[in-house]
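Thanks for coming, everyone. I would like to walk you through one model today, beginning with how its chains meet and then turning to what lies inside them.

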Amino acid sequence: MKERDDELTLIEKRLSKLPPSKFREIVGVLEESRPDFGSAGAVEALMSKMRPRLVRMKLARKLTLQRLFCRPFEELLVNDPEPKGVGTRITRRSIEPCWKLVVDRGDAKKLQRLVTNLRLCSNEETRKVERVGRQLWSYAAGVLRGTLRVRGGLPDEIVAGMSERAYRDILFIADYLQIADVLQELKRKLGRRPLRKATAEHIDAVVTALEAVNAVNREYQHVVIDVLLAWLKYPSDIVGIVDRIAAEAKAEIDEESLALAGEALVEDVEEKLRSVTGLAARSGGERADLVRGLRGCVSDVIGAHGAFQSRASTTAMRRLERIRGKVASLVAEHVLKEADIRVLTAVPRPPERSEAADMSDVLPMVALEALPDPTRVQAAEDQAIALRLCAKYAEELGLGPEFFDSVESLGRAIEDRARWAAVRLDMASMPAERREAAVAHFYVAIRVLELVAGSDRADNLRRQLMGRFAPPAAPAA
Amino acid sequence: MTVTSAQKHDNFWPATFEERGAVVPFTTPVLAFSRVRTQEERGLELLVPGLAGGRDTYVIPWRSLPAVFVMTVHDRLLREQIETLPASTPSEIRGAALDVESTGLAGRASAEAARQAAGGDESEKLLTNFFLVTEAVRQLSGGKLQIGPADLTHEAGRSRIKAILSRVAALFKLTADDFYARLERWAVAVAPIGVPGLNYTCRLRQLIADIADYADDLETWADRDLSEATDSARVCVQIAEETAGSARTIATGVDRYAADMRGTLNDWRASLERVEALMAKLTWMLDGWRPIVTLWRATDPGNREQAQDAVGEMLRLMPIMPRREVGSRARRTWGDLSQSLQRTRIKAHEDWLSGKVDIELVLRLERFKAMGHERARR
């Protein structure tokens, strides 16, 4: 198996280097060699390796019955074998077992007829394709429902070898296909993904979809919520949208669906927090990813909080509060704690009182004779940026005073240190090389002060130091 | 935000490059990619396109900038430096910008890239100079004499070069030193594009190629995207194609002088004047393109939303050729493009226009700066 994987990786590398025209040709040949339904192992494995480039090139691929089968829920498909995030997602790995079930349990003649009908359509004949699609989805829904109805689930011979994830996905696909045509219409009305802001027309479209779904089975309302979540740019908007629907057409949306939207959102934030917590446990000196993750969490919590303001969902609010508390403690631990040490390491340090009097003024000045250590400067900048980025959310996290104190004391310390060094340096009598090095240290102090405390304060410091060095003296590499 | 004593231009289509102004690589988001120009009566002023998210270009007196905007320290220093420049041309602005960037006020990566870019400029001058010397010897001796880099490494070689240069210089009744000084002056003038045959792609020649690639890439993207950004992208493509075409024509004009060294050196004063004028025009023409090319390269075309935002930003920054800088036939094309630009200008990302110093946007601009120099070094 490993050998085969190695071979595939090798082929993948070679494929990625092919010119686009050749690549297109190979895709065409492979598509032709695929059976109409059912999968060919080697071809399928190869196609899976080609998928990233196929997506990038957005090649119009041959429309097969299997691809048409997936069309209604294609926006919910993800590569992740265990999809995470807000709303239901289907892993691509589940397509094969699900399609196999349809093919094995379905009427071969009926499927063959659909294949023939599909072959008669060109890619441009979207309406004809959609018509074949509707027949297929409705038929496949019937096949899956019939199979799933067997005494509390799938028969053992089918379940054997199937992952739990695939089983869950098949149940979801079965529900989805029951109302596929309704959802296709809803998707058309929602327009291109992602939907930045839901308008009255969008809400009308969702209400119409819910009416149609309710006529089939009210339990499928969750699928409409999932489609909406896949469409929204800001998933937290879902709470507001379902509230608007509840206000406009209360009869069409059940309390469970309203709760589902909120829960999906909270789960999503919790999931992100779990990943950030893992990152925090692993991260050593590297903080950029951690800070980015934390910021994502904070803005999600704030978004979700806003969305829940008008709702009486105490459970969701409680969960959000817990998340907020956890995020705040992570920020305090990884951004605030020891921020001063990390930032000030790049700025010249005045001597401690206890240091020997004759050496006290000399050592820090000696340090200024060499160019700033790039690693220390980078670490100080990273820390200052992390502080500044998280400061935006300090109030929401209940860390306002701590951030204010930290920024204030850091700002003062940088200013004090730079001024202290400036009065002790006799720039005029320094050789050019040493002057350049000293100037470079001052620019580091100005830069770090700007990142921590803002441009006005940093520019004041620059003006004060200006008199002591001729700007801009570019430090040597 | 109040814009004191600012003027507003609707459908701004400048008459000359000087009126269009030179791009200043500010890192304050609201001022990013704005242009500076000198007006006889009013002195320096800054042109900010789409300041209020609209189609207008605002003209702000240079001296009132700090009072109107909260600028980054980098930008405050750059503003002061530009004030002291003899002229606000793209080359002068570039020099000042590299000096300020190398202080590290726009971050370490940007400082490093600026220092390397400055080194790259020096290399271009040296290599172009050496190539012109060897080419002059080759052409003027009818291919009989040749000098190579190895001659520079030992005393005998250097003496040989001197002797050869004296012989060649005598053809123009010049001393070897005067002859060399001419070639050096020539090299300084054309170094940003280099000379044909030079085994090194100089900065502006690379940029012309990059603009052409940019047009191809963006057109491919536009063919697949069917949103309102498609029309905007096509306008960008057309402007890029026209610019790359005009720039190539000028570069070919400059290259011709190197192909006929005898003619150039015989009519030295006039030739140098024409070469310098062509180079000045080329520099103005290409001014503002590096950030656009960099912006698109930093965009993932597969991420539709990001790519559409990038198109909106690029449209705001598109350098349109001024009215009087193009021939009568091209004027109609550029007039149409200028109008298309106004018609299709879509709302840029509102964060850029908020007037606040948003640290994330500043960091993004600093990254662009570093990336822009990296591309230029290739």
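**The interface and the charged pairs**

Between them, chain A and chain B bury about 2,800 Å², and 50% of that is on carbon and sulfur atoms; buried area here is the accessible area, taken with a 1.4 Å probe, that two parts lose on being put together, summed over both. The size of an interface is often given in this way, as the accessible area lost when the parts come together.

Before I go further, please keep in mind that this is a predicted model, in which local features need pLDDT of at least 70 and side-chain atom pairs count only at pLDDT 80 or more, while totals for chains, interfaces and linings use all residues. Residues are numbered from 1 along each chain as its sequence is written, chains are lettered from A and ligands numbered from 1 in the order in which they are written, and side-chain values use heavy atoms, with hydrogens and water left out.

In terms of contact, meaning heavy atoms within 4.5 Å, 35 residues of chain A touch 29 residues of chain B. The rule for salt bridges, which asks for a side-chain nitrogen of Lys or Arg within 4 Å of a carboxyl oxygen of Asp or Glu, finds 6 of them across the interface of chain A and chain B. Which elements of chain A give two or more residues to the side that touches chain B? They are helix H3 (41-57), helix H20 (374-391), helix H23 (432-453) and helix H24 (455-466), where helices are DSSP runs of H or I with at least four residues, strands are runs of E with at least two, and both are numbered from the N terminus. By class, that side of chain A has 17 nonpolar, 2 polar and 16 charged residues; Ala, Val, Leu, Ile, Met, Phe, Trp, Tyr, Cys and Pro count as nonpolar, Asp, Glu, Lys and Arg as charged, and the others, Gly among them, as polar.

One of the salt bridges between the chains joins B:Glu80 to A:Arg462, with the closest N and O atoms 2.8 Å apart. Those two residues also belong to a network of salt bridges that links A:Asp456, A:Asp459, A:Arg462, A:Arg463, B:Arg76 and B:Glu80. As a general point, side chains of opposite charge can pair when their charged atoms come close.

Taking the whole structure, the search finds 39 salt bridges over all chains, and I would like to show you some that lie within chain A. A:Arg447 pairs with A:Glu381 at 3.3 Å between the closest N and O atoms, and this pair links distant parts of the chain, since A:Arg447 is in helix H23 and A:Glu381 is in helix H20, 66 residues apart. Are these two side chains buried or exposed? A:Arg447 is buried, at a relative accessible area of 3%, and A:Glu381 is buried too, at 5%; buried means under 20% relative accessible area, exposed over 50%, and partly exposed in between, using a 1.4 Å probe and protein chains only.

A:Glu415 and A:Arg457 also meet in a salt bridge, at 2.9 Å from N to O, and they too link distant parts of the chain, with A:Glu415 in helix H22 (residues 400-424) and A:Arg457 in helix H24, 42 residues apart. A:Glu415 is buried, with a relative accessible area of 9%. For A:Glu338 and A:Arg342, the closest N and O atoms of the salt bridge are 3.9 Å apart; A:Glu338 is partly exposed at 41%, and A:Arg342 is partly exposed at 24%.

Now to the cysteines. A disulfide is a covalent bond between the sulfur atoms of two cysteines, and the rule used here asks for a pair of cysteine sulfur atoms within 2.5 Å. By that rule the count is 0 over all chains. Why does A:Cys98 form no such bond? Its closest cysteine sulfur, in A:Cys70, is 7.9 Å away, which is too far for a bond. A:Cys98 is buried, at 0% relative accessibility, and A:Cys121 also counts as buried, at 13%.

Let me finish with the chains as wholes. Chain A has 24 helices and 2 strands, and buried residues make up 47% of its 477 residues. Chain B has 15 helices and 5 strands, with buried residues making up 57% of its 378 residues.
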